[in-house]
Amino acid sequence: MADTLTTFPASADSDSGSDSGRPWWTDAVVYQVYIRSFADGSGDGIGDLAGLRARLPYLAELGVDAIWINPWYPSPQADAGYDVADYRDIEPDYGTLEEADQLIAEAHAAGIRVILDIVPNHTSDQHAWFQAALAGDEAARARYVFRPGRGEHGELPPNNWESIFGGLAWTRVPDADGNPGEWYLHLFAPAQPDLDWENPEVRQEFEEILRFWFDRGVDGFRIDVAHGLVKQEGLPDAGEHDPAVPHNTPHPAWDNEGVHEIYRGWREVANAYAPDRVFVAEAWVRDNERLAAYLRHDELHTAFQFDFLRAPFRADYMKEVVDDALAATAAAGGTSTWVLSNHDVPRHVTRYARSQPEHMVESTWDRLRWPSEPADVALGQRRARAAAMFILGLPGTVYLYQGEELGLPEVEELPDDARQDPTWFQNTNGDPGRDGCRVPLPWGGDGAAAGFSPAGATGEPWLPQPTGWAQFSAADQESDPDSVLNLYRRALRLRRAHFVGASGFAWVHTSETAVAFRHGDVEVWLNTGSDPVELPTGEVLLASVADAPSGYLPANGAVWLRRS
């Protein structure tokens with residue numbers, strides 16, 4: 001078992017904010033809160049700030065360093081809050097601005113930082129700016145992408161762009177006299193008109209929005225569609241489009257150089273605050289070299305590395321993801337990020353619960369959405385436990401999606417009349433959308449809806465929970481030392497003791513079915529094959545499975561080993 005030559009240095013980012021002198025996010029574990037489905041404190045079936053505040057002790061015991069909250073702003077909910085009507089307030093279903101201030105203070109008191117979602121590519125069609133634009137206010141209209149149509153009477157859209165959710169990316173609106181007028185761009189739902197970031201008023205407004213929340217104590221922002229703000233000049237037609245790869249294909253709407261000037265301005269805003277604020281980009285770009293461009297020293301601090309969402313549960317491909325990501329971020333002087341699931345993709349328990357593809361899939365919008373075989377949830381959970389230990393041992397920031405610490409699978413059998421994702425309504429290819437990973441969490445205990453709502457609640461969960469959902473509840477896992485929840489708790493405690501602030505990274509074993517690396521004083525071993533793998537002599541700090549024979553790592557298992 002010879003060491004390979006692949007090594008990577010620690011992050012070169014110079015911002016401070018931790019006891020080690022490195023930025024606080026460099027080794028952070030961030031827990032994603034999809035607020036609508038996290039915990040319902042009011043009893044109306046919708047997650048809210050009261051529910052989140054009540055569960056802060058749970059998150060502190062889990063051991064996370066920060067929470068990232070999906071959009072909590074006032075919204076008609078055409079796209080689950082990513083259609084923002086007011087960026088300086090709280091959705092009434094979730095609570096009030098005063099409660100948001102209380103949450104930030106209580107989270108900080110518990111040692112948990114708060115990251116918000118910001119949605120700069122588009123607003124809601126109910127936003128005051130867009131309503132003024134429709135009413136004929138030319139200054140307001142100039143803040144959005146309005147264009148005359150093609151054809152003799154402007155009856156054709158300005159170009160051939162398609163919406164990510166399906167159908168045309170353009171909607172025509174009437175002029176003041178009621179006749180058909182110009183078209184507006186919406187790369188997502190028609191209720192989400194794209195802003196024109198060439199307009200200085202748009203740039204100024206969002207920098208002021210950042211200051212509004214930073215002044216309230218928010219620690220950072222996750223930037224939605226960070227690669228999409230600036231469109232290619234002239235809005236030319238797109239080339240042939242593969243609907244299975246909506247973000248990764250070259251397209252005039254994505255990953256244009258003008259976005260970097262915007263983020264240099266945002267970095268200046270963040271740099272005016274102490275302690276350090278952080279940005280993380282959701283940037284679906286063609287490769288890690290393009291992703292690294294967002295991490296230049298005067299732009300964004302971090303960006304999501306999404307390749308684990310596309311990688312099969314295979315050692316060779318998981319090693320490839322790590323090599324590629326670490327090399328690109330090291331060259332940019334940035335920090336790598338790791339994520340297995342989020343609110344936009346099928347949960348990884350279910351992705352791993354079926355036969356694994358022989359290659360990296362093109363995107364998370366691939367055939368894994370349309371199951372060709374029944375999901376073996378027990379197998380998926382076993383693999384998911386191992387994959388979690390693998391990424392938690394890596395250098396960089398780890399993002400956990402709510403419920404993965406409970407081993408939740410994707411809910412694949414939602415009734416059609418219960419679905420709410422615009423992908424379901426706009427696509428014509430049978431895509432069920434993203435509701436299956438957004439079903440409200442089961443907390444257990446005496447509450448309603450598997451503990452999601454308080455006892456005596458009368459409201460039904462906004463998405464229905466499947467039969468048997470309570471078996472995954474946090475309450476039921478508390479007393480089981482081998483539960484997924486307790487594995488995550490132990491892993492996060494050990495991560496803080498052994499990996500936070502650790503330097504050096506090197507592969508120590510690689511094969512088609514098993515891979516291992518050393519980070520600090522610990523080796524992380526992962527076996528994705530069907531046969532046990534012999535382990536070197538050492539102290540087992542943590543194992544993903546309870547049935548490991550001494551000296552061997554079972555199939556679909558992981559172990560943290562301190563060499564003797």
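**Cores, helix α13 and the parallel sheet**

In this predicted model, the largest nonpolar core takes in 148 residues, and Tyr31, Trp72, Phe390 and Trp560 are the ones with the most contacts inside it. Helix α13, spanning residues 377–392, gives the most to this core, chipping in eight residues. There is also a second core, separate from that one, made up of 16 residues, among them Trp161, Ala169, Phe188 and Ala189. As a general backdrop, nonpolar side chains tend to be buried together in soluble globular proteins.

Back to α13, then. Its 16 residues reach 22 Å from the first C-alpha to the last, close to the 22 Å expected at 1.5 Å a residue. The helix is mostly covered, with twelve of the 16 residues buried. The buried set starts with Gly380 and Gln381, picks up again at Arg383, Ala384 and Arg385, and carries on through Ala386, Ala387, Ala388, Met389, Phe390, Ile391 and Leu392. Phe390, for its part, has plenty of company: leaving aside residues up to four places away in sequence, Phe390 touches Phe308, Met318, Val322, Trp507, Val515, Phe517, Val524 and Leu526.

Now for the strands. Eight of them form an open sheet with parallel pairing, running in the order β9-β8-β7-β3-β2-β1-β11-β10. At the edges sit β9 (302–303) and β10 (337–339), each of which pairs on one side only. Further in, β3 (residues 113–118) and β7 (residues 220–223) pair in the parallel sense over four bridges. Within that pairing, Asp117 has Arg222 of β7 as its bridge partner.

Notes
Residues are numbered from 1 along each chain as its sequence is written. This is a predicted model: local features need pLDDT of at least 70, side-chain atom pairs count only at pLDDT 80 or more; totals for chains, interfaces and linings use all residues. Side-chain values use heavy atoms; hydrogens and water are left out. A nonpolar core is a set of buried Ala, Val, Leu, Ile, Met, Phe, Trp, Tyr and Cys residues joined through side-chain atoms within 4.5 Å. Buried means under 20% relative accessible area, exposed over 50%, partly exposed in between (1.4 Å probe, protein chains only). Helices (H or I, at least four residues) and strands (E, at least two) are DSSP runs, numbered from the N terminus. Contact means heavy atoms within 4.5 Å. The expected span of a helix is 1.5 Å times one less than its number of residues. Two strands pair if DSSP finds at least two bridges between them.
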